[in-house]
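Thanks for making the time this morning. I would like to walk through one structure, going from ring to ring and then from helix to helix, and finish with a few backbone details.

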Amino acid sequence: METPLLIGTYGWAHPAWNSVFYDPDLPPEWRLSWYANHLRAVMVPAQSWPTLDVAAVSTLLDDTDETFRFVIELPPADRQNAKPPWEDSDRIATRVRAFAGQADAVLLSLADSVAPEWPALERLRAALHPAALCLDGLAAGQLPAGFGSCWCPAKDQPLVPSDYTITCCDSGEPRLLRKIIEALQRELSGRGALILTDTVRGYEHAHEARIIAELLEAT
């Protein structure tokens, strides 16, 4: 990869982490600051999107330094949503720009039941720049130039080279993590993030991945 691999977890406010990763006396509003002292990136889950206004983003920035990076998950494009996210491109771009350069990528999942509207997605991609727009749910070869991809090895998905690759992994098994990181180093020329998704032990998995990536000079 041409730039260091970001390593983080899917969210940071998981009940299972209390008294294990977080000190039992640590106030909840200090947890992101604690997290940022140990890991340098995090994915903001889609369920946070409805409350992720400019004021909420400002709080996240106050709790981190300017080199910390966020990967933002949008609500998925599916039939349960009143309208696909790309119809809210101005609102999405306003929120992402509020991260003042700390938003590294935005993830949008496309359901099989929803046909992507490429002109609207292209406008959204341009509005989000320099943050990458990564699409999940497309078959290999369907990803247009300029868009990022999402790779989930556990789903036997192929690794599709793109400008930005978000890799999601629910395992902390060292041999698997090494295999994933080596594949990213070998196959990709753009930027990327490895997100550990286990909500019970994800912080341990991310720590293990960070050690492996440092040994492989991927971070």
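Let me begin with a charge and a ring: the charged end of R125 sits over the ring of F147, at 5.7 Å from its centre. Please keep in mind throughout that this is a predicted model. A second case of this kind involves R95, which lies over the face of W49, 4.5 Å from the ring centre.

From there I turn to rings that meet other rings, and the structure holds 10 aromatic pairs. One of them is formed by F21 and Y35, which are edge-to-face, with 6.4 Å from centre to centre and 85° between the planes. This pair links distant parts of the chain, since F21 belongs to the loop between β1 (6-10) and α1 (31-36) while Y35 is in helix α1, 14 residues apart. Are these two residues buried or exposed? F21 is buried, and Y35 is buried too.

Y35 has a further partner in F68: the ring centres are 6.2 Å apart and the planes stand at 80°, and because an angle over 60 degrees counts as edge-to-face, this pair falls into that class. Y35 is in helix α1 and F68 is in the loop between α2 (54-62) and β3 (69-73), so the pair ties together parts that lie 33 residues apart in sequence. Y35 and F68 are both buried. If we follow the ring pairs further, they link W17, F21, Y22, Y35, F68, F70, F99 and Y203 into a cluster.

Helix α1 also carries L32, which has a relative accessible area of 2% and is therefore buried. Leaving aside residues up to four places away in sequence, L32 touches W12, L60, D63, T64, F68 and F70, and the last two of these names also appear in the ring cluster.

Now to the helix pairs. Helix α3 (residues 89-97) packs against helix α4 (residues 118-128) at an angle of about 20°, with the axes 9 Å apart, and the two helices are therefore roughly parallel to each other. Their crossing is right-handed, and the contact is made by S89, I92, A93, V96 and R97 on the α3 side and by L124, A127 and L128 on the α4 side.

How do α5 and α6 pack? Helix α5 (residues 174-187) and helix α6 (residues 202-215) meet at an angle of about 55°, their axes being 10 Å apart, which makes α5 oblique to α6. The crossing of α5 and α6 is right-handed, and the residues in contact are P174, L177, R178 and I181 of α5, together with H205, E208, A209, I212 and A213 of α6.

I will close with the backbone. Most residues other than glycine have a negative phi, and most peptide bonds are trans. Against that background, a cis peptide bond joins H129 and P130, with omega at about 15°, and P130 lies in the loop between α4 and β5 (132-136). S19, which is not a glycine, has a positive phi of about 70°; S19 lies in the loop between β1 and α1 and is exposed, with a relative accessible area of 52%. D156 is not a glycine either, and its phi is positive at about 55°; D156 lies in the loop between β6 (148-151) and β7 (164-169), where it counts as exposed at 71% relative accessibility.

Definitions and conventions:
Residues numbered from 1 in each chain as written. Predicted model: local features only at pLDDT ≥ 70, side-chain atom pairs only at ≥ 80, totals over all residues. Heavy atoms only, no water. Phe/Tyr/Trp six-rings, centres within 6.5 Å; stacked < 30°, edge-to-face > 60°. Helix = DSSP H or I, 4+ residues; strand = E, 2+ residues; numbered from the N terminus. Buried < 20%, exposed > 50% of the residue type's maximum accessible area, 1.4 Å probe, protein only. Lys NZ or Arg CZ within 6 Å of the ring centre and 35° of its normal. Axes fitted to C-alpha atoms, helices over the stretch in contact; angles between N-to-C directions. Parallel < 35°, antiparallel > 145°, perpendicular 65-115°, else oblique. Left-handed = near helix turned anticlockwise from the far one by under 90°. Contact = heavy atoms within 4.5 Å.
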